[in-house]
Amino acid sequence: MRLLTHNMLSSNIKGVANGFPLRIVAEKVIEKPVEMNHDFLKNMFAKLDWKAFVDASRSLGYVELPDEADASMLESSEFLNKFHHALLELHLEEGALVCPETGRKFPVNKGIPNMLLHEDEV
Amino acid sequence: MNREKERKRMKLKQLEGLLGDLDQFSDPKVELEQYPTGPHITSRMLYTAENSFGDVSDRVVVDLGCGCGTLGLAAALLGADIVIGIDVDTDSLLTASTNAEELEVEIELVQCDVKHLDLRGQVVDTVIMNPPFGTRKKGADMDFLRAALKVASRAVYSLHKTSTREHIKRTALRDFNAKSAEVLCELRYDLPQLYKFHRKKEVDIAVDLWRFVPGTA
Ligand SMILES: C[S@@+](CC[C@H](N)C(=O)[O-])C[C@H]1O[C@@H](n2cnc3c(N)ncnc32)[C@H](O)[C@@H]1O
């Protein structure tokens with residue numbers, strides 16, 4: 001699971017009012033290089049929840065992103081490189097996503113988050 | 001020409017060939033309607049989405065009920081920016097992951113029931129899917145359509161039995177807030193016989209390829 005996906009997922013347990021963002025417990029993180037695509041990054045920047053993204057990147061052990069960012073920073077290639085790396089090259093392979101309200105853990109194995117709910121959670 | 005561009009130019013036959021080599025359900029679960037979307041149907045579905053509507057390359061694409069990943073992997077091969085495959089079943093997701101490695105493309109995989117699916121941020125452009133036809137669990141096809149129209153911001157491509165055409169159209173427009181619902185073509189679908197009491201190995205059923213445009217939320 002990459003952080004773009006993390007930014008879209010939330011805990012949908014019945015009764016949970018705000019299941020976003022999921023906290024990350026990282027046991028194994030891997031890096032896989034991919035080609036950079038500026039247009040894509042610009043497009044995603046506008047849609048991301050930046051705070052959730054930065055916190056997520058830090059829980060994967062990547063601390064290069066600023067707390068706050070605005071669109072003008074997309075002109076800087078240094079910023080773009082970091083943004084690209086955190087968004088698309090870091091993979092949470094093993095660990096868990098934790099519901100911010102209930103503490104319920106959604107396991108991540110082989111890079112696949114398991115968001116299935118138990119019977120009493122729907 | 002870089003690698004991405006080469007991919008976008010991939011020929012129909014070449015795409016179909018690559019998809020033909022993918023691993024499929026080793027132990028299909030009948031109640032989940034697990035049968036592969038064939039390379040022929042998949043390549044035509046994705047080609048139409050790309051060439052007639054520009055809904056694949058440079059888009060964020062979700063394959064709902066991805067199974068072993070054929071549709072999503074085809075989208076990745078045609079140059080989708082990001083592909084996310086979603087299925088309820090662990091075994092299929094692991095096969096999809098192996099298939100992605102074989103093809104050397106990246107896809108994201110998430111285990112989730114479509115009934116509880118929510119993806120925030122309007123990031124997803126296009127949903128492609130071959131949902132259960134609802135023959136085992138009544139309404140399963142509608143659960144998929146509801147989720148797809150909620151998640152996609154640009155288009156939904158889906159296969160449904162031709163016999164349900166009117167019902168699909170009405171429900172999409174009236175209940176799921178679709179802006180449009182259009183049958184692009186009618187196809188023959190080889191449905192493997194999963195029921196032991198059937199004598200023939202496969203039945204050929206009429207299926208519609210749909211394109212839906214989601215309404216604005
Ligand atoms: C007809 S198959 C699609 C096959 C896939 N396109 C492929 O080529 O492998 C339907 C898929 O939907 C999945 N499925 C069934 N019910 C589901 C649900 N409620 N939520 C998520 N996935 C589901 C099944 O596990 C199966 O993989």
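**Two chains and a ligand**

Hi everyone, let's begin with where the two chains touch: 29 residues from chain A and 28 residues from chain B take part in the contact. Please keep in mind that this is a predicted model.

How much area is buried between chain A and chain B? It comes to about 2400 Å², and carbon and sulfur atoms give 59% of it. Looking at chain A, the residues that lose the most area to chain B are A:M8, A:K47 and A:I112, and together they make up 28% of what that side buries. You might like to find those three on the structure while I talk.

Now for the ligand. Which pocket does the ligand take up? Its space is the second largest pocket. There are 22 residues around the ligand, and the ones that come nearest are B:Q34, B:T37, B:C68, B:D87 and B:V114. If we sort the shell by class, we get twelve nonpolar residues, six polar ones and four charged ones.

Let's look at some polar contacts. B:D87 has an N or O atom in its side chain that is 2.7 Å from an oxygen atom of the ligand. With B:C68, the partner is a polar backbone atom, 3.0 Å from a ligand oxygen. B:C66 also uses a polar backbone atom, and here the distance to an oxygen atom of the ligand is 3.5 Å.

So is the ligand mostly covered or mostly open? On its own, the ligand has 600 Å² of accessible area, and the protein covers 97% of that.

That's my tour. Thanks for listening!

Key
Residues numbered from 1 in each chain as written. Chains lettered and ligands numbered in written order. Predicted model: local features only at pLDDT ≥ 70, side-chain atom pairs only at ≥ 80, totals over all residues. Heavy atoms only, no water. Near = heavy atom within 4 Å. Polar contact = N/O pair within 3.5 Å; in protein donor to acceptor, adjacent residues only side chain to side chain. Areas by Shrake-Rupley, 256 points an atom, 1.4 Å probe, with all protein chains shown as cover. 1 Å grid on protein atoms, 1.4 Å probe; cavity = no way out; pocket = protein on both sides within 12 Å on 5 of 7 lines; lining within 4 Å. Sits in = over half its atoms within 2 Å of the grid points. Nonpolar A, V, L, I, M, F, W, Y, C, P; charged D, E, K, R; others polar. Contact = heavy atoms within 4.5 Å. Buried area = accessible area lost by both parts, 1.4 Å probe.
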